Amino acid sequence: MSDLSRRDREEYNRPMFTDVRERLAADRADTLARMAALGRDFDGIVAANALVAVDDEHDPEGGTTAFERAHVTSLLTQARRHLEELDRAMERLAHGEYGTCEGCGTTIPPERLEIRPAATTCVNCARPAPHRAPR
């Protein structure tokens, strides 16, 4: 895409991009708050286990505690990935590349960006490749 067409597109979409920037920033703030809360939950689980002698093999609550710890860790991992996606979306927005599919270069439909503001691909490129039947 030439610089002129990118500039024209930025001018045309400037109001939308302002809204997108605000939505991404709000989503980022929410994600950071969720990460902080999950971090406190994780610390609470670890601290509670430090006060008792936990033997996961013989303690009936040991499995539950291990599950809770793993669950919170998984949620934290998801939140970190989402934060990275949001940061990349902000970078694409700053460079005038937001809303362009990284797979085929077409414009990502506004409806998709409304649902997934950090989307990097159009619907067609996001579809999984068809599976081949085994021979």
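Arginine 92 is buried yet forms no salt bridge, and the nearest side chain of opposite charge, glutamate 102, is 4.1 Å away. A salt bridge here requires a side-chain nitrogen of Lys or Arg within 4 Å of a carboxyl oxygen of Asp or Glu, so a distance of 4.1 Å does not qualify. The model is predicted.

**Surroundings of arginine 92**

Arginine 92 is found in helix 2. Leaving out residues up to four places away in sequence, arginine 92 touches Glu97, Tyr98, Glu102, Ala118, Ala119 and Thr120. One of these contacts, Ala119, sits in the loop between helix 3 and helix 4 (123-126). Alanine 119 counts as buried because its relative accessible area is 3%. Besides Arg92, alanine 119 is in contact with Ile108, Arg112 and Leu113, its neighbours within four places in sequence again being left aside. The C-alpha atom of alanine 119 is separated by 9.3 Å from that of threonine 100, and the two residues are 19 apart along the chain.

**Overall fold**

The chain has 4 helices and 0 strands, and its pattern along the sequence reads α-α-α-α. There are 135 residues, of which 24% count as buried. The accessible surface comes to about 9500 Å², and 55% of that belongs to carbon and sulfur atoms. Contacts between residues at least 6 apart in sequence include a 58% share that joins residues at least 24 apart.

**Nonpolar cores**

In soluble globular proteins, nonpolar side chains tend to be buried together. The largest nonpolar core in this model has 12 residues: Val20, Leu24, Leu86, Ala89, Leu93, Tyr98, Cys101, Ile108, Leu113, Ala118, Ala119 and Cys122. Helix 1 (3-50) and helix 2 (62-94) are the elements that give two or more residues to this core. Helix 2 gives the most, with 3 residues. Apart from this core lies another one, of 7 residues, including Met35, Leu38, Ile45 and Val72.

**Salt bridges**

Side chains of opposite charge can pair when their charged atoms come close. A search of the whole structure finds 2 salt bridges, set out below.

| Side chains | N to O distance | Separation in sequence |
|---|---|---|
| arginine 23 (helix 1) and glutamate 114 (helix 3) | 3.8 Å | 91 residues |
| aspartate 87 (helix 2) and arginine 28 (helix 1) | 2.6 Å | 59 residues |

Each pair links distant parts of the chain. In the pair of arginine 23 and glutamate 114, the glutamate belongs to helix 3, which covers residues 110-115. Arginine 23 counts as partly exposed because its relative accessibility is 26%. In the other pair, aspartate 87 is partly exposed at 27% relative accessibility, and arginine 28 is partly exposed with a relative accessible area of 29%. Arginine 92, by contrast, is buried and has no salt bridge.

**Cysteines**

The search of the whole structure finds 0 disulfides. Cysteine 101 is in no disulfide, and the nearest cysteine sulfur, that of cysteine 125, is 3.6 Å away. A disulfide calls for sulfur atoms within 2.5 Å, so this pair is not one. Cysteine 101 is buried, at 4% relative accessibility, and is among the residues of the largest nonpolar core. Cysteine 104 is likewise in no disulfide, with the sulfur of cysteine 101 as the nearest cysteine sulfur, 3.8 Å away. Cysteine 104 counts as partly exposed because its relative accessible area is 43%.

**Threonine 106**

Threonine 106 lies in the loop between helix 2 and helix 3. With a relative accessible area of 39%, threonine 106 is partly exposed. Not counting residues up to four places away in sequence, threonine 106 touches Gly99, Thr100, Cys101 and Cys122. Of these contacts, Cys101 and Cys122 belong to the largest nonpolar core. Threonine 106 and threonine 121 are 15 residues apart in sequence, and their C-alpha atoms are 8.8 Å apart in space.

Conventions
Residues numbered from 1 in each chain as written. Predicted model: local features only at pLDDT ≥ 70, side-chain atom pairs only at ≥ 80, totals over all residues. Heavy atoms only, no water. Core = buried A, V, L, I, M, F, W, Y, C linked by side-chain atoms within 4.5 Å. Buried < 20%, exposed > 50% of the residue type's maximum accessible area, 1.4 Å probe, protein only. Contact = heavy atoms within 4.5 Å. Areas by Shrake-Rupley, 256 points an atom, 1.4 Å probe, with all protein chains shown as cover. Lys, Arg positive; Asp, Glu negative; His and termini not counted.
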